[in-house]
Amino acid sequence: MDIIKTTGLTKIYSNNGLEVNAVNQVDLNIQKGEFTAIVGPSGSGKTTLLNMIGGLDDITSGTVEIAGTNIDLLSENELIDFRLKNIGFVFQAYNLIPVLTAKENVEFIMLLQGLSEEERKQRSEELLNQVGLTDKINSRPNQLSGGQQQRVAVARALASKPSFILADEPTANLDSHSTSTLLDMMAEMNEKEKVTFLFSTHDQRVIDKAKRIITIEDGKIIKDERP
Amino acid sequence: MRSFLVIGSIIMGIWAGIFVVAFCYGLNKQRTLNSINNYVSHIQIHHREYEKDHDSKYFLENSSRIKKELEADKNIKAFAFRSLLNGMISSPIKSNGVRIIGVNKNEEKKLTSIHSSLVEGSYFESKRKNPILIGEALAQKLKVKLRSKIVLTFQDADNNIISGAFRICGIFKTKYSKYDQGNIFIQNSDLQRLIKSEEFHQLALLCNSLDDVDSTYQSLKNTLSDYDVKDWKTIAPELAYADEIMETWLFLIMIIIMLALIFGIINTMLMAVFERRRELGMLMAIGMNKSKVFILILTETFFLSLFGAPLGMFLGAFTIRLTSETGINLAMVGEGLRSVGLGNIIYPEIEAKFYIFITAMVFIFTLIAAIYPSRKALKLKPTEAIRTI
């Protein structure tokens with residue numbers, strides 16, 4: 001079953017009267033359990049494509065279906081709620097809440113979902129354990145390395161039990177050791193628990209781990225391969 | 001740090017507001033009480049025609065009946081009969097128009113505080129004939145001093161010109177310099193001897209408290225309906241108006257202070273929103289809906305005032321408590337204060353209703369102040385706020 005399905009997805013930005021076709025007629029199908037990297041040079045449209053799939057950016061034309069739901073038909077509040085329940089986000093700059101501990105950062109999304117304190121506690125500890133941060137659950141982001149913060153971000157993304165995880169350049173700010181640890185962890189989650197990952201990246205180490213590589217250039221998919 | 005600055009500004013704003021209100025309130029109350037205790041009293045009774053042109057022929061007829069009525073009223077603390085005449089006071093150097101107040105020294109002591117306002121001499125204790133009390137300002141104007149001889153000239157009820165020589169036995173200085181310049185006190189017995197009459201023009205009385213005035217006034221108006229009975233608000237309407245105007249002013253002052261506070265809060269909360277754009281963008285991206293973002297900013301602002309407001313009020317109450325006991329000495333502007341009927345020392349005080357008003361205002365204004373930053377937060381686009389997903 002397709003978790004993500006885009007049809008004729010297009011995004012046109014207007015800049016001083018000049019129209020820029022950031023994403024151009026993209027048809028894409030991602031199935032459950034895939035570990036996919038979208039690659040391409042800067043400005044090729046990777047981030048815009050991910051933003052539209054994540055419901056964060058308006059669509060100029062075309063459709064995005066997530067688990068059978070056309071997200072363009074949802075109202076603003078419905079879309080926010082849909083994101084909360086179905087999509088996990090991992091940001092390039094981690095974007096953890098600085099005043100909360102690692103555990104509280106992971107719990108926060110479950111709080112938005114209305115889970116009980118007991119459920120939140122149990123799942124956040126479980127997830128932080130899964131990403132290898134059992135001993136850092138009470139640490140604040142400024143007490144963690146970049147790699148550790150990104151692992152907390154992955155745990156946070158998984159906390160809501162989403163259909164898939166969108167990650168935009170997740171290793172861009174990490175050193176090679178942290179990158180390797182993070183990739184191994186995500187690959188293991190994909191392998192064992194069939195968590196679906198969709199990355200945008202131009203990091204060769206990520207590309208090497210990907211099971212499917214979609215190359216995008218000038219907003220169009222030019223290659224879709226499964227190494 | 002930012003939050004502490006906001007809390008600090010809320011504390012200072014509320015403290016300043018409360019203190020200004022208490023200062024103005026205390027000032028006005030003192031002016032009213034000074035006037036009541038020295039000049040106006042709570043209630044005055046005259047002949048029905050007296051008020052028209054203050055003609056001395058309008059005596060209080062049957063004063064013994066009035067006395068009887070007043071003695072029977074338990075709300076009345078003290079009363080005194082007075083003879084009132086307009087006349088001229090002359091020293092060898094100068095003359096001045098004055099109101100001559102003939103008093104019974106023992107009755108008057110219970111009614112006014114002239115006896116305790118003496119700066120020189122005694123309160124009719126002199127054994128010399130025809131003693132007179134005059135104000136310090138008048139003494140300076142006439143260039144006379146204690147034991148100086150002065151002449152009073154006035155008309156009796158039949159319009160005959162009468163003159164009498166008096167000896168200054170005391171010089172008083174009340175909290176109202178104009179009063180000191182225009183009023184002199186002699187004993188009723190001396191005045192009545194000169195005008196050959198034993199009647200009085202005025203009866204002034206004090207109730208046990210200000211709260212008793214209205215009921216006593218109504219009761220006396222009924223029982224002494226053939227006389228002109230007036231309460232202090234009618235006699236000195238400027239005092240009653242000042243009370244009303246002051247209350248409105250104090251509410252306005254508080255609103256102005258709150259408005260200033262609002263801009264401080266808006267500014268700080270806007271900074272907070274802009275500084276946390278990334279966080280807010282992330283929260284909106286992962287699924288925090290707009291109403292929750294709005295409530296988040298609103299709650300944060302509300303908590304800032306929740307910490308600041310009680311501290312500001314406590315500080316205000318503490319300052320008022322301190323200064324209401326010791327008073328605030330404004331001797332440096334004492335002459336100016338005396339010209340409007342105030343003493344050198346002001347005792348701030350505040351009514352409980354102002355605390356309630358301020359508390360309500362702080363919370364209402366804080367919530368209003370939070371709306372604009374909250375709306376700004378809502379307008380953030382997650383993709384722009386976090387730059388990238």
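This passage describes the folds of two chains, the contact between them, and several local features. The model is predicted.

Chain A contains seven helices and 10 strands. Of its 227 residues, 48% are buried. Among the contacts in chain A with a separation of 6 or more, 71% join residues that lie 24 or more positions apart. Chain B contains 15 helices and 12 strands. Its 389 residues include a buried share of 41%. In chain B, residues 24 or more positions apart supply 82% of the contacts with a separation of 6 or more.

The two chains touch each other. Chain A contributes 20 residues to this contact and chain B contributes 14 residues. On the side of chain A that touches chain B, two or more residues come from each of α1 (46-53), α2 (76-86), α3 (102-113) and β7 (164-168) of chain A. Helix α2(A) provides the largest share of that side, five residues. Sorted by class, the side of chain A that touches chain B consists of 10 nonpolar, six polar and four charged residues.

Several strands of chain A are arranged in a sheet. Strands pair in a sheet through backbone hydrogen bonds, and the pairing is either parallel or antiparallel. In chain A, four strands form an open sheet in the order β2-β1-β4-β5, and their pairing is antiparallel. Strands β2 and β5 (69-70) of chain A are the edge strands, each pairing on one side only. Two bridges join strand β4 (residues 61-66) of chain A to β5(A) in the antiparallel sense. In this pair, A:Glu65 has A:Asn70 of β5(A) as its bridge partner.

The edge strand β2 (residues 18-31) of chain A includes A:Gln25. The phi of A:Gln25 is near 50°, which is a positive value in a residue other than glycine. Phi is negative in most residues other than glycine. A:Gln25 counts as partly exposed because it has 15 C-beta neighbours inside 10 Å, a number between the limits of 12 or fewer for exposed and 20 or more for buried.

A further antiparallel pair in chain A is made by strand β9 (residues 212-217) and strand β10 (residues 220-225), which are joined over five bridges. A:Ile214 has A:Asp224 in β10(A) as its bridge partner. The two strands, β9(A) and β10(A), form a hairpin with two residues between them. In the turn of this hairpin, A:Asp218 has a positive phi of about 50°.

In chain B, strand β9 (residues 202-207) is mostly covered, with five of its six residues buried. Strand β1 (residues 43-46) of chain B runs antiparallel to β9(B), and four bridges join them. Here the bridge partner of B:Ile43 is B:Leu205 in β9(B). Strand β2 (residues 76-90) of chain B also pairs with β9(B) in the antiparallel sense, over six bridges. In that pairing, B:Ala80 is matched with B:Ala204 of β9(B) as its bridge partner.

B:Ala80 is also one of the contacts of B:Glu108. B:Glu108 belongs to helix α4 (residues 105-111) of chain B. Because 24 other C-beta atoms lie within 10 Å of its own, B:Glu108 is buried. Apart from its neighbours within four places in sequence, B:Glu108 is in contact with B:Ala80, B:Val103 and B:Ile114. The C-alpha atoms of B:Glu108 and B:Arg82 are separated by 8.8 Å, although these residues are 26 residues apart along the chain.

B:Asn130 is found in the loop between β4 (118-121) and β5 (131-135) of chain B. Its phi is near 50°, a positive value in a residue other than glycine. B:Asn130 is partly exposed because 19 other C-beta atoms lie within 10 Å.

Helix α10 (residues 237-275) of chain B has 39 residues and should span 57 Å at 1.5 Å a residue; its end C-alpha atoms are 57 Å apart, so the two values agree. The buried residues of α10(B) include B:Leu250, B:Met254, B:Ile257 and B:Met258, and also B:Leu261, B:Ile265, B:Thr268, B:Met269 and B:Val273. These buried residues of α10(B) pack against four helices of chain B, namely α1 (2-40), α11 (277-286), α12 (290-326) and α14 (352-378).

Key. Residues numbered from 1 in each chain as written. Chains lettered and ligands numbered in written order. Predicted model: local features only at pLDDT ≥ 70, side-chain atom pairs only at ≥ 80, totals over all residues. Contact = placed C-beta atoms within 7 Å. Nonpolar A, V, L, I, M, F, W, Y, C, P; charged D, E, K, R; others polar. Pairing = 2+ DSSP bridges. Expected span 1.5 Å × (residues − 1).
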